[in-house]
Amino acid sequence: MPPEIVTIPRTKAWLVARSGPLAGTRYLLPEGRTRIGRSPDNDVVLQGPNTATVSAQHLEILKEEGCWRIHDAGSTNGTYLNGEKIVDAELCAQATIQLGNDGPEFSFLMEESAPSDLNQTLVIPQGTVLPPLRPAPGAEPAGEEALIKEAVTRARRARLEGWGGQTMNLMRDMVHRALRRRSRRFLAVIYALAAVLVLTSLYGYWKIRLLKEEKASIDQRIQEIETRLQTAQATPEQRDSLVSQLDAFQDQAEALQHTLLYRVGGIYKEPFVTQQIRQVMNEFGAEMYSIPPEFISRVNFYIQQYQGPDRAKMERSFGDEAPKIAIMRRILEDEKMPPDFAYIPVVESSLAARPTSSAGAAGPWQFTAVTARVYGLRVDRAVDERYELRKSTYAACHFLRNLILDFGAGSSVMLALAAYNLGPTAVKQAIMKSVQDPIKQRNFWYLYRVRALPQETREYVPKVFAAIIIGRNPGHFGF
């Protein structure tokens, strides 16, 4: 007589994001080791505005002998498990993991897979008698009410934790357990439960459809205002009124985006370049629901330029000169500046050996002699440190930091990019000619929409964005 085969459930584990723009996102943890951090070579890559405390290689989660463990990978800001800083510890279900004291938070969840999904088996030798399953002392057999209560509790928990697509899993699990009881009365309860779950799904579908219609209406109004701002010859008062209306509609749209059904419903997927623009803006602190169509159009234009007429320069920048970009990114990161600023020299000089402009600007960062000396570089007949990559990059960090601090919070990074091209004084003079509101003067998107910035500067910022997006995704654009 062959030995009896008994399947043993295997535990699945997830990380569920509890904070940030990806709250509710689930990451399935495979068998073995899972690396988490900001570096692209991690298994779980964390990037975005709330990842300042996350190291390139921050932590590891691994399964050893049936137990899950967490190990800090020498991170700068530490790893916290249930509020306590750890180096290595065992993970239990419902544990809270935080990367840095104020960093992203995750929940560690575990759930047993159905036996049919598993291959691991236990062989029971012939003649062994298995003890019958008995309820715990004092426990009552599971009845119909208990089963329904469990299903409803699991459905509510799944919704609260942002798990999508669980309705059919719950129905299948409940039906499987009910059929084993072979009770007609209980089958009626199961059908009722299935009906409730189907009605819940239909209600969710209806709500998502309403959200789609509401979003389409808001987007249409925003598009109408953007078009009027782009084409109409309006007075300053009329432009301010249009921008105020635009801000009001954007507030409505942002509130809609924060609803759970909006996130799980997959209501709208933007074009790739627009997604990349929005991601860069979010990391710069210049996030905006509606990006001016003209800005998106100019970024796409310069991407096509870099793929076509200027392809040779870009291939050199991302090929032979790639080590220089890597050096500049490390220096910028050490100086607490956005590493993507390393693509400014790609626009300024294409990282040529000894570039000099007609205005006397020189080096990869195209410093004038006056600006270079202000920021500590030696420029004379014997030595010109503008051409030294490391020294000029440190000087550029100090210059850009001063520009960001000078233009205030919010979209100051965008204004700093504009001022790097035109000069801070010239940008301020151009602003003062068109705008009298000191608060709006510090809003790059207001200035862009009402054309308060010079044309050269309006083109420079999209050009830098195009270089950043290609630098982040060279394969996507054929480099």
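**Helix crossings and enclosed spaces**

Tutor: In this predicted model, helix H12 passes helix H13 in a right-handed crossing.

Student: What makes H12 oblique to H13?

Tutor: The axes of H12, residues 389-406, and H13, residues 412-422, come within 8 Å and cross at roughly 125°. Angles of 65 to 115 degrees count as roughly perpendicular and those over 145 as roughly antiparallel, and because roughly 125° belongs to neither range, H12 is oblique to H13.

Student: Which residues of H12 and H13 meet, and how do they divide by class?

Tutor: From H12 come Phe399, Leu400, Leu403 and Ile404, and they meet Ser412, Val413, Ala416, Ala419 and Tyr420 of H13. By class, that contact has eight nonpolar residues, one polar residue and no charged residues. Ser412 is the polar one, because Ser is not on the nonpolar list and is not among the charged types.

Student: Why are H6 and H7 called roughly perpendicular to each other?

Tutor: The axes of H6 and H7 come within 10 Å and cross at roughly 110°. That value falls in the range of 65 to 115 degrees, and therefore H6 and H7 are roughly perpendicular. Their contact is made by Val273, Thr274 and Ile277 of H6 together with Phe295, Ile296, Val299, Asn300 and Ile303 of H7, and its residues divide into six nonpolar, two polar and no charged.

Student: What makes H7 oblique to H16?

Tutor: The axes of H7 and H16 come within 8 Å and cross at roughly 60°. Roughly parallel needs an angle under 35 degrees and roughly perpendicular needs 65 to 115, so at roughly 60° H7 is oblique to H16. The crossing of H7 and H16 is right-handed.

Student: Which residues of H7 and H16 meet?

Tutor: On the H7 side they include Phe295, Arg298, Val299 and Tyr302, and on the H16 side they include Arg458, Val461, Phe465 and Ile469. By class, the contact of H7 with H16 has twelve nonpolar, no polar and five charged residues.

Student: How many cavities of 30 Å³ or more does the structure hold, and what volume has the largest cavity?

Tutor: The structure holds one cavity of 30 Å³ or more, and the largest cavity has a volume of about 80 Å³. It is called a cavity because a 1.4 Å probe fits there but cannot get out.

Student: Which residues line the largest cavity?

Tutor: The largest cavity is lined by Glu226, Leu229, Gln230, Pro292, Pro293, Glu294, Tyr448, Arg449 and Arg451. At least two residues of that lining are supplied by each of H3, H7 and H15, and H3 gives the most, with three residues. The lining divides into four nonpolar, one polar and four charged residues; Gln230 is the polar one, because Gln is neither on the nonpolar list nor among the charged types.

Student: What is the volume of the second largest pocket, and which residues are closest to its centre?

Tutor: The second largest pocket has a volume of about 1400 Å³. Of the 40 residues lining the second largest pocket, Arg38, Glu283, Arg329, Glu333 and Pro339 are the closest to its centre. The elements giving two or more residues to this lining are H6, H9, H12 and H16.

Student: Which helix gives the most to the lining of the second largest pocket, and how does that lining divide by class?

Tutor: H9 gives the most to the lining of the second largest pocket, with five residues, and the lining divides into 16 nonpolar, 14 polar and ten charged residues.

How values were computed: Residues are numbered from 1 along each chain as its sequence is written. This is a predicted model: local features need pLDDT of at least 70, side-chain atom pairs count only at pLDDT 80 or more; totals for chains, interfaces and linings use all residues. Side-chain values use heavy atoms; hydrogens and water are left out. Axes are lines fitted to C-alpha atoms, for helices over the stretch in contact, and angles run from 0 to 180 degrees between N-to-C directions. Helices (H or I, at least four residues) and strands (E, at least two) are DSSP runs, numbered from the N terminus. A crossing is left-handed if the near helix is turned anticlockwise from the far one by less than a right angle, and right-handed if clockwise. Contact means heavy atoms within 4.5 Å. On a 1 Å grid over the protein atoms alone, a cavity is a set of points where a 1.4 Å probe fits but cannot get out, and a pocket is an open set with protein on both sides within 12 Å along at least five of seven lines; lining residues have an atom within 4 Å of a point. Grid points are joined across faces, edges and corners, and a volume is the space filled by probe spheres set on the points.
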